[in-house]
Amino acid sequence: VFAMVLDPLRRLLAERLARPAWAAAMTTVIALLLIVGPAVGVLSVLVVEVTALVQSIQSGAHALPASPDIQAWYEKLRQQTVLPLPADLGSTVTDTIKFVASYVAGSAGAVLQNVAGLFFQLFVMLFSLFYFLRDGGRLVETIRQILPFGAARRDQIISQTHDLVVATVGSTFAVALTQGALTGLTLGLL
């Protein structure tokens with residue numbers, strides 16, 4: 001799918017560079033920057049924020065605001081329920097948040113173990129992308145020869161498959177762009 005979407009860029013670079021392998025390599029590097037760049041940025045911000053939040057919660061720096069209305073509602077709930085509820089809602093919620101934060105901090109090791117697998121999969125994807133970009137024409141021609149249909153039907157199937165993939169990826173990006181714009185607009189209005 002990436003090779004089909006990035007093929008126009010590869011063709012443009014191939015015309016300018018006059019070397020198909022270099023054009024495929026440049027397109028693969030651009031794909032790497034488009035995929036890894038934003039992911040690394042978001043992940044680094046997420047790690048910093050989650051780490052600061054977990055440390056803040058574990059140190060007890062976060063105290064829940066206890067408004068009189070919430071305390072009165074909780075007291076009324078305690079009196080009406082059959083099950084015994086703790087006397088102090090704030091400390092109970094704080095203890096629960098500390099427990100969850102400790103669990104998240106303990107799970108960080110498992111997340112880091114999966115990072116190596118992620119980088120391996122990214123390497124395989126980019127390696128494959130390079131060869132699909134470089135040899136895509138030959139691959140499509142081989143598939144065209146293998147298909148057990150007449151020449152006109154084979155060309156129609158390959159053309160329809162290409163159009164379907166491009167339409168699917170394009171519509172996915174359009175929906176994501178619309179959702180992002182609406183979310184940004186909504187958050188801006190709040």
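Which residues do ring pairs link into a cluster? Keep that in mind for the first of these close-ups, which come from a predicted model.

**View 1. Ring pairs bring F123, F127, F130 and Y131 together in a cluster.**
Those four residues are the ones to look for here: F123, F127, F130 and Y131. The structure holds 3 aromatic pairs. One of them is made by F130 and Y131, whose ring centres lie 4.9 Å apart, with 80° between the planes. That counts as edge-to-face, because an angle over 60 degrees gets that label. If you wonder about the two numbers, a pair of aromatic rings is described by the distance of the centres and the angle of the planes. F130 is buried, with a relative accessible area of 18%, while Y131 is partly exposed at 34%.

**View 2. In this close-up, a charge meets a ring at R153 and F149.**
Find the ring of F149, then look for the charged end of R153 sitting over it. The distance from that charged end to the ring centre is 5.9 Å.

**View 3. Helix α5 covers residues 151–189.**
How far apart should the ends of helix α5 be at 1.5 Å a residue? Its 39 residues should span 57 Å, and the C-alpha atoms at its ends are indeed 57 Å apart, so the two values agree. While you're following the helix, pick out R154, I158, V165 and V169, which are buried.

**View 4. The second largest pocket holds about 540 Å³ of space.**
Its lining is made of 18 residues, and M4, G136, L139, V140 and H162 are the closest to the pocket's centre. Three elements give two or more residues each to this lining: α1 (2–17), α4 (89–146) and α5. Which of them supplies the largest share? That's α4, with 7 residues. Sort the lining of this pocket by class and you get 11 nonpolar, 4 polar and 3 charged residues.

**View 5. A18 has a positive phi, and it isn't a glycine.**
You'll find A18 in the loop between α1 and α2 (20–59). Its phi is about 60°. Why point this out? Because most residues other than glycine have a negative phi. Is A18 buried or exposed? A18 is exposed, with a relative accessible area of 62%.

**View 6. S59 and K98 are 39 residues apart along the chain, with 9.0 Å between their C-alpha atoms.**
S59 belongs to helix α2. At 56% relative accessibility, S59 counts as exposed, because the cut-off is over 50%.

**View 7. L89 and Q71 are separated by 7.8 Å, C-alpha to C-alpha.**
Along the chain, these two are 18 residues apart. L89 sits in helix α4 and is partly exposed, with 22% relative accessibility. Why isn't L89 called buried? Because buried means under 20%, and L89 has 22%.

**View 8. The C-alpha atoms of L126 and D69 are separated by 57 Å.**
How many residues apart along the chain are L126 and D69? The count is 57 residues, so don't mix it up with the distance of 57 Å. L126 has its place in helix α4. L126 is buried too, with a relative accessible area of 12%.

Key
Residues numbered from 1 in each chain as written. Predicted model: local features only at pLDDT ≥ 70, side-chain atom pairs only at ≥ 80, totals over all residues. Heavy atoms only, no water. Phe/Tyr/Trp six-rings, centres within 6.5 Å; stacked < 30°, edge-to-face > 60°. Buried < 20%, exposed > 50% of the residue type's maximum accessible area, 1.4 Å probe, protein only. Lys NZ or Arg CZ within 6 Å of the ring centre and 35° of its normal. Helix = DSSP H or I, 4+ residues; strand = E, 2+ residues; numbered from the N terminus. Expected span 1.5 Å × (residues − 1). 1 Å grid on protein atoms, 1.4 Å probe; cavity = no way out; pocket = protein on both sides within 12 Å on 5 of 7 lines; lining within 4 Å. Points joined across faces, edges and corners; volume = space filled by probe spheres on them. Nonpolar A, V, L, I, M, F, W, Y, C, P; charged D, E, K, R; others polar.
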